[in-house]
Amino acid sequence: MTITESRVATTSVLAASGLACNAGKRTVLSDIDFDVRAGEVLGLIGSNGTGKSTLLRVLAGVRPAAAGQVLLKGRPLSSVSSRERARQIAFVAQEEAAPSDLLVSEMVALGRVPHARAWGGIDEASRLAVANALRLVDLEYAVQQSMDRLSGGERRRALLARGLAQEAPVLLLDEPTNHLDIKHQLALMRLVRRLCQTLDRTVVVALHDLDLAATFCDRIAVLHDGGLFALGSPDEVLTPSVLHDAFGVLATRVRHPLTGRTHLLFSHDEREIHP
Amino acid sequence: MPVLVTVLLPLTGLTVVLATGFGAEPLPVHVVVDALRGRFGGAPVDTAYDTIVWDIRLPRTLLGLVVGAGLAVAGAAVQTLVRNPLADPYLLGVSSGASVGATAVITLGVLSSAGLWALSLGALTGALLASVLVFGIAMLQGGLTPLRLVLTGTVLSAAFSSVASFLVFKSAEPQAAQSVLFWLLGSLSGATWEMLWLPTATLATSFVLLMAASGWLDALAVGPDTAAALGVPVPALRTGLFVLTAVLVGVLVAVAGGIGFVGLVLPHLSRLLVGPRHRASLPVAALAGGIFLVWVDVAARIAVRPTEIPLSVVTGLIGAPVFLILLGRRTYRFGGES
């Protein structure tokens, strides 16, 4: 079953058009078409290896598309200079390979690289952006610490702060809640929502936690079987049928007794549900 | 201006004056100062002193400063390029290529028409040809990625060294082996004023370019994807870094031979002192590298008078323990888990 939206959003900020993505030499995704609308949080879900990270990399312009193209406000991303691209799109990868002995403040200040001139030091706007980003992720206490000394969750938040310091209208986040405790998972997703609502950012976020996706995303794109399997509001997409096809699990929707929000419960075993 | 640079700058001046006093005939500091003043409009001094200080020793001290600074800067650039703490300026095959050229000059007498410049010219030619080869092969096999560069550079270095050894082996000249060895281990003994301008200009240009790109280099050191996401044109930056270090190291090796350890240890030392940001660490590496090599050269001149020890012997003896101490520090983790 496939749900796709045909409505052409006039406020499309980022769009995939006939997009195919390679991981190494293998094509993992093909024929991807969708729009990211201004001001929305678009969740990207799919089981391991379906190409969420690969798609984000291509959307961010970090890796080239294998076919088709990414459109940034209607312009092909490949024709945008890398500097201009980084001013429009901030991408925070899932893991950063090498540990680094940069200070937290220095790591976050790297987000200002696309705004800096050669030779130019850190100007007032940059200082402000860095301080603001650190405040948003609740990491002001760690400014002068080395990145190496941080816990996994603090590292994730520092990297997110670097993305925020870029002050780009589009934010692509690859599993930003990894390594975070539940309080910071919720805080981070609330922050993501707030960025969209009050700071006019647009966010595409890959998530493993479907319940977080259901709670915080405006729309959800499901990747499965080498393509875009479903796209729509959480209610439209996170149905037992889609989740069964895309993840191979049995899902039940329940209403939260206090908030009234819809949540998902999962089982792997048919016999548990239909004894 | 970082605090350390303001400390290191006067220290550099002091080093030049003090180091120039050392040699076959030790000169007191005031004689050196008087001789320098004499050159800059002060009272003229004894011609003998003037010759020793101005014509013989000062070019050598200054060449030591330039070569030491250049190697440290090139080492820092290569370590960022390949994101490997064990990388040194010679990783990319430049020095072994230079050694083939120099060995060919010493054993086969090629380029003999160039006279005094033959050795430098041979080394420079070898260095540049080797870099072109490393660059071409790495590009053909998938681009200038750290892994490609390390593998290609290491493998080709071994091959070039074999060629150089073969040239020495088949040479009829009994002195050849020793000349080649002495050249390979590095020396500043050939320093003249004419020899100074090329390495100085190359170093100055490289330094300015690296400082201008310091933000990009910081991002590249964190990782290629991060750098790309921050708007750094990664392939172009890598190509630029490769060409810049190849030319810089080629020129340095051509004038001073293959001086080891400076380019490996000094970048680490400067990161340890002022942190990993290139804007801060490159100037410190340059000045510290210059000061270090000048004093190494002093030690090499006076340790076993009247002969001179090759510089790599001294840098190795000092560099190895220093590097071990650096590696032992748990808080320092450039490019990998400790």
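Two strands pair if DSSP finds at least two bridges between them. Keep that in mind for the sheets on this tour. The model is predicted.

**Stop 1: confidence**

Colour by pLDDT first. The predictor gives the complex an ipTM of 0.87 and a pTM of 0.89. Show chain B: its mean pLDDT is 88, and 96% of its residues reach 70 or more. Select helix 8 of chain B, residues 193–212, where confidence in that chain is highest, at a mean of 95. Then select helix 14 of chain B, residues 311–328, where it is lowest, at 83. Where pLDDT is low, the predicted coordinates should not be read in detail.

**Stop 2: the six-stranded sheet of chain A**

Move to chain A and find the open sheet of six strands, ordered 6-7-8-3-9-10. Its pairing is mixed. Select strand 6 (89–92) and strand 10 (227–232) of chain A, the edges of this sheet. Each has a single partner strand, so one side of each lacks a neighbour in the sheet. On average, neighbouring strands here are turned by 15° against each other, direction ignored.

Now add helix 5 of chain A, residues 152–165, which packs on the sheet. This helix touches strand 6 and strand 7 (170–174) of chain A. Its direction makes about 170° with that of strand 6 of chain A.

**Stop 3: from strand 6 to strand 3**

Walk across the sheet, starting at strand 6 of chain A. Strand 6 pairs with strand 7 of chain A in the parallel sense, over four bridges. Select A:I89; opposite, in strand 7 of chain A, stands A:V170.

Stay on strand 7 of chain A. Five of its five residues are buried, so the strand is largely enclosed by the rest of the structure. In a regular strand the side chains alternate between the two faces of the sheet. Show the side chains of strand 7 of chain A: A:V170, A:L172 and A:D174 lie on one side, A:L171 and A:L173 on the other, and all are buried.

Step to strand 8 of chain A, which runs parallel to strand 7 and is joined to strand 7 by five bridges. Which residue of strand 8 of chain A is the bridge partner of A:D174? Select A:A206: that is the partner. A:V170 stands opposite A:T202 in strand 8 of chain A.

Strand 8 of chain A is mostly covered, with five of its five residues buried. Both of its faces are covered: A:T202, A:V204 and A:A206 on one side, A:V203 and A:V205 on the other.

One more step brings you to strand 3 of chain A, residues 41–45. Strand 3 pairs with strand 8 (residues 202–206) of chain A in the parallel sense, over four bridges. Select A:L42 and look across to A:V204 in strand 8 of chain A. Then select A:L44, which stands opposite A:A206. A:A206 is thus a point to centre on: A:L44 stands opposite A:A206, and A:D174 is a bridge partner of A:A206.

**Stop 4: the four-stranded sheet and helix 1 of chain A**

Hide that sheet and show a second open one in chain A: four strands in the order 2-1-4-5, with antiparallel pairing. Strand 2 (26–37) and strand 5 (75–76) of chain A are the edge strands, each paired on one side only. Strand 1 (residues 12–23) and strand 4 (residues 67–72) of chain A pair in the antiparallel sense over five bridges. Select A:S17 and find its bridge partner in strand 4 of chain A, A:Q69.

Now add helix 1 of chain A, which lies across strand 1, strand 2 and strand 4 of chain A. The helix runs at about 125° to strand 1 of chain A. Is helix 1 (residues 52–60) of chain A mostly covered or mostly exposed? Mostly covered: nine of its nine residues are buried. Among them are A:K52 and A:R57. Just after helix 1 of chain A comes A:G61, whose phi is positive, near 80°.

**Stop 5: a helix pair in chain B**

Return to chain B and select helix 5 (residues 118–140) and helix 11 (residues 234–256) of chain B. They pack at about 155°, with axes 8 Å apart. That makes helix 5 of chain B roughly antiparallel to helix 11 of chain B, because the angle is over 145 degrees. The crossing is right-handed.

Show the side chains between them. Helix 5 of chain B contributes residues including B:A123, B:A127 and B:F135. Across from them, helix 11 of chain B brings residues including B:F242, B:A246 and B:G250.

Key. Residues numbered from 1 in each chain as written. Chains lettered and ligands numbered in written order. Buried ≥ 20, exposed ≤ 12 C-beta atoms within 10 Å, placed from the backbone. Helix = DSSP H or I, 4+ residues; strand = E, 2+ residues; numbered from the N terminus. pLDDT = per-residue confidence, 0-100. Axes fitted to C-alpha atoms, helices over the stretch in contact; angles between N-to-C directions. Contact = placed C-beta atoms within 7 Å. Parallel < 35°, antiparallel > 145°, perpendicular 65-115°, else oblique. Left-handed = near helix turned anticlockwise from the far one by under 90°.
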